[in-house]
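This report follows one helix pairing and then the nonpolar core and a nearby loop position. Please keep the sequence and the coordinates at hand while reading.

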Amino acid sequence: MVREVPTIFPVLVEGERIRLREVNIDDFEATWQWASRAEFFRFLPIDQPTRDEERAWLDSIVAEAHEMPRRQYELGIEIVDGSELIGMVGLGIDSERHGSAGIGYGISPNRWGHGYATEAAQLIVGFAFDALGLHRVWASHHPDNIASRKVLEKVGLREEGRRRDDRFVGGVWYDSVVCSILEDEWRLKRGSLMSNSGPE
Ligand SMILES: CC(C)(COP(=O)(O)OP(=O)(O)OC[C@H]1O[C@@H](n2cnc3c(N)ncnc32)[C@H](O)[C@@H]1OP(=O)(O)O)[C@@H](O)C(=O)NCCC(=O)NCCS
């Protein structure tokens, strides 16, 4: 049996405090709020972009969103009150056949520490299993990226191993810590969260 993964466009995922939505080139100045901050890139395996590179990246994700079938979902994280764009969360399907996707996220530094990344990661993992029908969601992080590690743990991803010397950043080799969650683990976790928040 070959799995069929649907293509969804446009995506709008509503959470309690944030929503995930498609971005467009008008969002450039908002994305530049964090893309212009060196601390944002401290644990990322990419160089800080120039304005032109950031604009080109935004162009490329807008184009990818229209591909058929769609394999990349780079979504803006918007605060429900006030519609401010505070970050991005991404999902890339690496194997349709095996129902697998990787996720990543970033929040504007002036919004760190308010639980927004945790909520965004919860929403994108729910989207992966419920809307796309995937089987496995994984993420990888720099070994010292404690905030990202905590986000993944809170959403239910667990460490499955390390890719050794996987990234070369600033002249140094780093391992990537790989974490994952499977569909049945997600349903179990969500079920227990729902029963904990239900009426007494
Ligand atoms: C990683 C990142 C997305 C976390 O965003 P955030 O919205 O601040 O995360 P949350 O508020 O949901 O916090 C998650 C947990 O990390 C903790 N945390 C946040 N910043 C931290 C820090 N600098 N050091 C240690 N823990 C931190 C929070 O306290 C929270 O844990 P708690 O609930 O036990 O208190 C944000 O730091 C970021 O955008 N970094 C740059 C991009 C990046 O590294 N992305 C991840 C790629 S793998």
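In this predicted model, α3 and α4 pack with their axes 9 Å apart and at an angle of about 45°, a value that falls outside the ranges for roughly parallel, antiparallel or perpendicular elements, and the two helices are therefore oblique to each other. The crossing in which α3 passes α4 is right-handed. On the α3 side the contact is made by Ala117, Thr118, Ala121, Gln122 and Val125, which meet Val151, Lys154 and Val155 of α4. By character, the residues of this contact divide into five nonpolar, two polar and one charged.

The largest nonpolar core has 35 residues, and those with the most contacts inside it include Ile103, Ala121 and Val125. The elements that each supply at least two residues of this core are listed below with their residue ranges.

| Element | Residues |
|---|---|
| β2 | 18-21 |
| β3 | 72-79 |
| β4 | 85-95 |
| β5 | 100-107 |
| α3 | 116-131 |
| β6 | 136-141 |
| α4 | 146-155 |
| β8 | 172-182 |

With ten residues, α3 gives the most to this core. Isoleucine 103, leaving aside residues up to four places away in sequence, touches Val89, Gly90, Leu91, Ala121, Ile124, Val125, Val137 and Ala139.

Is glycine 113, in the loop between β5 and α3, buried or exposed? Because 9 other C-beta atoms lie within 10 Å, glycine 113 is exposed, the limit for that class being 12 or fewer. Although 34 residues separate glycine 113 from alanine 147 in sequence, their C-alpha atoms are 8.7 Å apart in space.

Terms used:
Residues numbered from 1 in each chain as written. Predicted model: local features only at pLDDT ≥ 70, side-chain atom pairs only at ≥ 80, totals over all residues. Core = buried A, V, L, I, M, F, W, Y, C linked by C-beta atoms within 7 Å. Buried ≥ 20, exposed ≤ 12 C-beta atoms within 10 Å, placed from the backbone. Helix = DSSP H or I, 4+ residues; strand = E, 2+ residues; numbered from the N terminus. Contact = placed C-beta atoms within 7 Å. Axes fitted to C-alpha atoms, helices over the stretch in contact; angles between N-to-C directions. Parallel < 35°, antiparallel > 145°, perpendicular 65-115°, else oblique. Left-handed = near helix turned anticlockwise from the far one by under 90°. Nonpolar A, V, L, I, M, F, W, Y, C, P; charged D, E, K, R; others polar.
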